[in-house]
Every structure is written in C-alpha cells, then in structure tokens.
Amino acid sequence: MTVRILLADDQESVRVGFRLILDSQPDMEVIGEATDGQQAVELAAKLHPDVVLADIRMPRLDGLEVTRRLAGPDAAHPMRVVVVTTFGLDEYVHTALRNGACGFLLKRSGPTLLVEAVRAAMAGDTLISPSLTVALLQHHRDAGRPRPVQPMDALTDRETEIARLVAKGMTNAEIGAELFISAGTAKTHVANVQRKLSVRNRVGIAAWIWGNGLEN
C-alpha cells in the first residue's frame, strides 16, 4: 500500500526537500503541494491524501485552522495531519493538539523522523520530535507545575515506566527496545496510559509525569 501525502508549506525549499525524502521511500508518494492553508484544505478535499504535512505558519489559513478543518471534531471525514514547526516550542502547538493533529515535527529533525512521523500517523500513533516534547515540558515548568487531573496511582508500575519513556520523547519502537518488548506491545501500553489519564496524546502523558514529579 502506498501512503499518499499532501505537503502544505509556503516555502518552496521545504516542500522540495520533503518531497525528495518522501518520494524516495518505496511505499510513499507526494500527490500534491499547497502553498497556503486555503489551498491545502481545497487539495485535501480533492485528492483525499492519507497524510497531510502542514506548516503552522502559512498565508490565508494557518496550520492550526487547516488542522481543525481536516482533523478536528467537526471534520466530516477526519484526516491524519502532522504539524510541522520551525521552533522548539511554538505557542500554537497546544491549540494544534486540541484540533486533532496526530504528530509534531521540527523542520530540522531530519529525514528519518520525517518518514517515521508519516508511518506513525498511518499506524494511528503520534510521533513528537523529542526536543519538542522537552520544550513543551519546559513551557509547563516555566508556567508552574500543573495539577494533574488523575492521581499518581492512576497507573500501574509498568504503565508509569512507559509514561516516563514517553515523556523523554521516545517512539514506540524505542520504548520497546528499552524494555525488551515489541513495538506493538509498547503501543498498546501507551494507548492504555492515554485512556487511564484521559489525555489525547503523548504530550498529555508527559505533562502528567512532570506534574507528579515523576520525570526522573
């Protein structure tokens, strides 16, 4: 099965670089490029891509609105949207999380993480650049230690161990290698942790870990 990808970024150099990386994969194909957010929404409706890679800052509609329209709760046919940002911590990332984004990638992350982000989206997983996870936690730290919604005993010891690794920005494959379990088993654990903590993504898990002082 070939993963069909739509690129949305107002910088031609970024689109060219992403296309070269993704088209080099035997199971991926870039089927369209949008130079602004409005065009991204229109092309998504026309081309029905499997994954949309959307920059946060674009003309006409920004990446937040693109994410909301394509992946948000009011989307008629929700799509997988991976948000791309230039900065280690973007003030809009939290809104993108709420709007249904299924991945967060720094443009400087390199080709390996770009490909992994697309694969994670297709697998129903969320990949967040490790440095971005750290930056988000630093944002929480600067704002004051948040009060977790769920108590410290909400998770089993094993699930807490999994959550700590998520807070370090590890992917399911990396968690599996660390704990000598399969990536599929790690994915199941992460899904259970999200359900128990009533959070939508890995950043929510990381925030719970830090909020309870369990990051070390």
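**Notes on the predicted model**

1. Let me start at the end of helix H7, where Gly-169 follows the helix with a positive phi, near 90°. Keep in mind that we're looking at a predicted model here. Within H7, which spans residues 157–167, the buried positions are Glu-159, Thr-160, Ile-162, Ala-163, Leu-165, Val-166 and Ala-167. So there's a Glu on that buried list, alongside residues such as Ile-162 and Leu-165.

2. H7 also carries a salt bridge: the side chains of Glu-161 and Arg-158 meet at 3.1 Å, N to O. The two sit 3 residues apart in the helix, so about one helical turn separates them. Glu-161 has 32% relative accessibility and therefore counts as partly exposed. Arg-158 gets the partly exposed label too, because its value is 33%.

3. Zooming out, the chain has 10 helices and 6 strands. It runs to 216 residues, and 52% of them count as buried. If you take the contacts with a separation of 6 or more, 65% of them are between residues 24 or more positions apart. The exposed area of the chain is about 10200 Å², with carbon and sulfur atoms supplying 52% of that.

4. Which residues lie closest to the centre of the largest pocket? The pocket itself has a volume of about 330 Å³. Of its 19 lining residues, Ala-120, Asp-125, Thr-171, Asn-172 and Ala-173 are the closest to the centre. Several elements each put at least two residues into the lining: helix H5 (111–122), strand S6 (127–128), helix H8 (172–179) and helix H9 (183–197). The class make-up of that lining is 8 nonpolar, 6 polar and 5 charged residues.

5. On enclosed space, the count comes to 1 cavity of 30 Å³ or more. The largest cavity has a volume of about 40 Å³. Its lining is made of Leu-7, Ala-8, Asp-9, Val-14, Arg-15, Phe-18, Leu-53, Ala-54, Asp-55 and Val-84. Strand S1 (3–8), helix H1 (12–23) and strand S3 (51–55) are the elements that give two or more residues to it. By class, this cavity's lining has 7 nonpolar and 3 charged residues, with no polar ones.

6. There are 11 salt bridges in the structure. One of them pairs the side chains of Asp-9 and Lys-107, at 3.0 Å from N to O. This pair links distant parts of the chain, 98 residues apart: Asp-9 is in the loop between S1 and H1, and Lys-107 is in the loop between strand S5 (103–106) and H5. Asp-9 counts as buried because its relative accessibility is 4%. Asp-9 is also one of the residues lining the largest cavity, so it's a handy place to centre the view when checking that region.

7. Another salt bridge joins Glu-33 and Arg-19, whose closest N and O atoms are 2.6 Å apart. Glu-33 belongs to strand S2 (residues 28–34) and Arg-19 to helix H1, so to speak distant parts of the chain, 14 residues apart. Both ends are partly exposed: Glu-33 has a relative accessibility of 25%, and Arg-19 has 28%.

8. Helix H10 (residues 202–211) is mostly covered, with 10 of its 10 residues buried. Among them are Arg-202, Trp-208 and Trp-210, along with Val-203, Ile-205 and Ile-209. After H10 comes Gly-213, with a positive phi near 70°.

9. Two backbone spots may be worth a look. Most residues other than glycine have a negative phi. His-48 is not a glycine, yet its phi is positive, about 50°. His-48 lies in the loop between helix H2 (37–47) and S3. What is the phi of Phe-180? It's positive, about 60°, and again the residue is not a glycine. Phe-180 sits in the loop between H8 and H9. With a relative accessible area of 78%, Phe-180 counts as exposed, because the cut-off for that label is over 50%.

Note on methods:
Residues numbered from 1 in each chain as written. Predicted model: local features only at pLDDT ≥ 70, side-chain atom pairs only at ≥ 80, totals over all residues. Heavy atoms only, no water. 1 Å grid on protein atoms, 1.4 Å probe; cavity = no way out; pocket = protein on both sides within 12 Å on 5 of 7 lines; lining within 4 Å. Points joined across faces, edges and corners; volume = space filled by probe spheres on them. Helix = DSSP H or I, 4+ residues; strand = E, 2+ residues; numbered from the N terminus. Nonpolar A, V, L, I, M, F, W, Y, C, P; charged D, E, K, R; others polar. Buried < 20%, exposed > 50% of the residue type's maximum accessible area, 1.4 Å probe, protein only. Salt bridge = Lys/Arg side-chain N within 4 Å of Asp/Glu carboxyl O. Contact = heavy atoms within 4.5 Å. Areas by Shrake-Rupley, 256 points an atom, 1.4 Å probe, with all protein chains shown as cover.
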